[in-house]
Each structure stands twice: as structure tokens, then as C-alpha cells.
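This report describes the packing, ring contacts and charged pairs of one protein chain. The structure is shown first, and the discussion follows it.

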Amino acid sequence: MTTTPARTAVLVRPMTAADADPVLAIYQAGLDGGNASFEHTAPDWTAFDAGKLPDHRLVAVDGTETVLGWVAVSRVSARAVYSGVVEHSVYVGPAAQGRGVGRTLLDALIASTEAAGIWTIQSGVFPENTASLALHHAAGFRTVGVRERVARHAAQGNRWRDVVFLERRSPHIS
């Protein structure tokens, strides 16, 4: 008999520097799985902090303040015409996967970005990461296309990888 992991009571709050260790550990666990990013080593906190917009960095925590996952966005361009477009990353710790943490984080991110006037959230996901693709589609993202052989994955023998390009356009911002 297969059992489904119990849903965890989850609170989403802003990410702070005090969350650096668990956030980067969750990031590294995702990278170690081989289907989360072309990166193979999580950055240090200074680099992570510099690359993410501070108003849209969130963590999901349980009742003991254990970080279960995180979501954050980066600018896609410094050009003013793209001020409402961001690229996001969402990572859930291995022990919290399958419990709705990713969806809770994406819903909170959508609310945060829409409140700030951001009209498009985009991301690239490896086609083999079917759980992430299903999560994004359930949260209202659509597949724009597949970028075939877009880059080489050094951690996997320098092999070419495709990336599914996803976006969620806000229905509230026109």
C-alpha cells in the first residue's frame, strides 16, 4: 500500500539572512538531484542575496520555524519596459516534498508580485522534472515552448539539456 505524506501546517514569511543556511542547503539538495538547474553548487549567501529581489523572497516554515522550502525572483532585465517581468526559483526540501509546500510558496509569490505590479513570472524547468512542471501548471503557469539543447550541464558530463520555458501572466494587471 502506498501512503501519501501528511500535509504539514505551513506558514510563509519573508526570507531573512537568518534563513541562509537552510535555504542554501535546500538549494544544494535540489542541485544534487540533477534536474533543478544547470548550476551544481549553491552560491554563498552574499551572491544569493545580491541576485534576488528582496521584496519577493519567501520561505515556508513549519510550526517549529524549520525552513521547508523557498521561492525568490530575479530581474530578467534592467530595462524599464521589463520592470514587471521576473524569473523565479522555487525549491522544497526533500523531507517536505509532496506536501503542498511548493504550491503554497508559488501562491504566496503570485500574491506578492501582483501586489507590486509585476505582470509576468517566468521560469525554465528541465522536462524531466515532471513534478515541477505539474506544480507550475496547477498554479496557472503555461508552457511557452521548449528551448532545445539550450546549454550544457557540466555536472552531468557536459551533456546538452532542454529547458521548458514557463510563464504566468497576471490576469489582474493590464
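How many aromatic pairs does the count come to? In this predicted model, the count comes to 7 aromatic pairs.

**Aromatic contacts**

A pair of aromatic rings is described by the distance of the centres and the angle of the planes. For Phe38 and Phe126, the centres are 5.0 Å apart and the planes stand at 80°. That angle is over 60 degrees, so the pair is classed as edge-to-face. Phe38 lies in the loop between helix H1 (20–32) and helix H2 (45–51), whereas Phe126 lies in the loop between S5 and H4; the pair therefore ties together parts that are 88 residues apart in sequence. The two partners also fall into separate accessibility classes: Phe38 is partly exposed because its relative accessible area is 25%, while Phe126 counts as buried because its value is 3%. Elsewhere, Tyr27, Trp45, Phe48, Trp70 and Tyr91 form one aromatic cluster.

**Nonpolar cores and surface**

In soluble globular proteins, nonpolar side chains tend to be buried together. Here the largest nonpolar core has 24 residues, and Val101 and Leu105 are those with the most contacts inside it. Two or more residues of this core come from each of strand S2 (57–61), S3, S4, helix H3 (101–115), strand S5 (120–125), helix H4 (130–138) and strand S7 (159–169). Helix H3 gives the most, with 5 residues. A second, separate core has 16 residues, including Met15, Val59, Val61 and Val67.

Which residues does Leu105 touch, not counting those up to four places away in sequence? They are Val12, Leu58, Val59, Ala60, Gly69, Trp70, Val71, Val90 and Tyr91. Of these, Trp70 and Tyr91 also appear in the aromatic cluster, and Val59 belongs to the second core.

On the surface, Val76, Val81 and Tyr82 make a nonpolar patch of about 250 Å². Val76 sits in the loop between strand S3 (67–75) and strand S4 (85–92). Its relative accessibility is 32%, so Val76 counts as partly exposed. Val146, in strand S6 (residues 142–153), is likewise partly exposed because its relative accessibility is 46%. Leaving aside neighbours within four places in sequence, Val146 is in contact with Asp162, Val163 and Val164. The C-alpha atoms of Val146 and Glu128 are 12 Å apart in space, and the two residues are 18 apart in sequence.

**Salt bridges**

The count of salt bridges comes to 7. Three of them are listed below with the N to O distance of each.

| Acidic residue | Basic residue | N to O distance |
|---|---|---|
| Glu65 | Arg13 | 2.9 Å |
| Asp49 | Arg57 | 2.4 Å |
| Glu167 | Arg142 | 2.8 Å |

The salt bridge of Glu65 with Arg13 links distant parts of the chain: Glu65 is in the loop between S2 and S3, Arg13 is in strand S1 (residues 11–14), and 52 residues separate them. Glu65 counts as partly exposed because its relative accessibility is 42%, whereas Arg13 counts as buried because its value is 18%.

In the salt bridge of Arg57 with Asp49, Arg57 is buried because its relative accessibility is 9%, and Asp49 is partly exposed because its relative accessible area is 32%.

Glu167 and Arg142 form a further salt bridge. This pair also links distant parts of the chain, with Glu167 in strand S7 and Arg142 in strand S6, 25 residues apart. Here Glu167 is buried because its relative accessible area is 17%, while Arg142 is partly exposed because its value is 47%. Through shared partners, salt bridges join Arg13, Asp19 and Glu65 into one network.

**Backbone angles**

Most residues other than glycine have a negative phi. Which residues have a positive phi without being glycine? Glu65 has a positive phi of about 70°, and it is also a member of the salt-bridge network with Arg13 and Asp19. Asn158 has a positive phi near 65°. Asn158 lies in the loop between S6 and S7 and is partly exposed because its relative accessible area is 39%.

Definitions and conventions: Residues are numbered from 1 along each chain as its sequence is written. Side-chain values use heavy atoms; hydrogens and water are left out. Patches are made of residues with over 30% relative accessible area and no salt bridge: like charges are joined within 9 Å, nonpolar side chains (Val, Leu, Ile, Met, Phe, Trp, Tyr) within 5 Å. Accessible areas come from the Shrake-Rupley method with a 1.4 Å probe; for residues, only the protein chains shown count as cover. A salt bridge is a side-chain nitrogen of Lys or Arg within 4 Å of a carboxyl oxygen of Asp or Glu. Helices (H or I, at least four residues) and strands (E, at least two) are DSSP runs, numbered from the N terminus. Buried means under 20% relative accessible area, exposed over 50%, partly exposed in between (1.4 Å probe, protein chains only). A nonpolar core is a set of buried Ala, Val, Leu, Ile, Met, Phe, Trp, Tyr and Cys residues joined through side-chain atoms within 4.5 Å. Contact means heavy atoms within 4.5 Å. Rings of Phe, Tyr and Trp (its six-membered ring) pair if their centres lie within 6.5 Å; planes under 30 degrees apart count as stacked, over 60 as edge-to-face and the rest as tilted.
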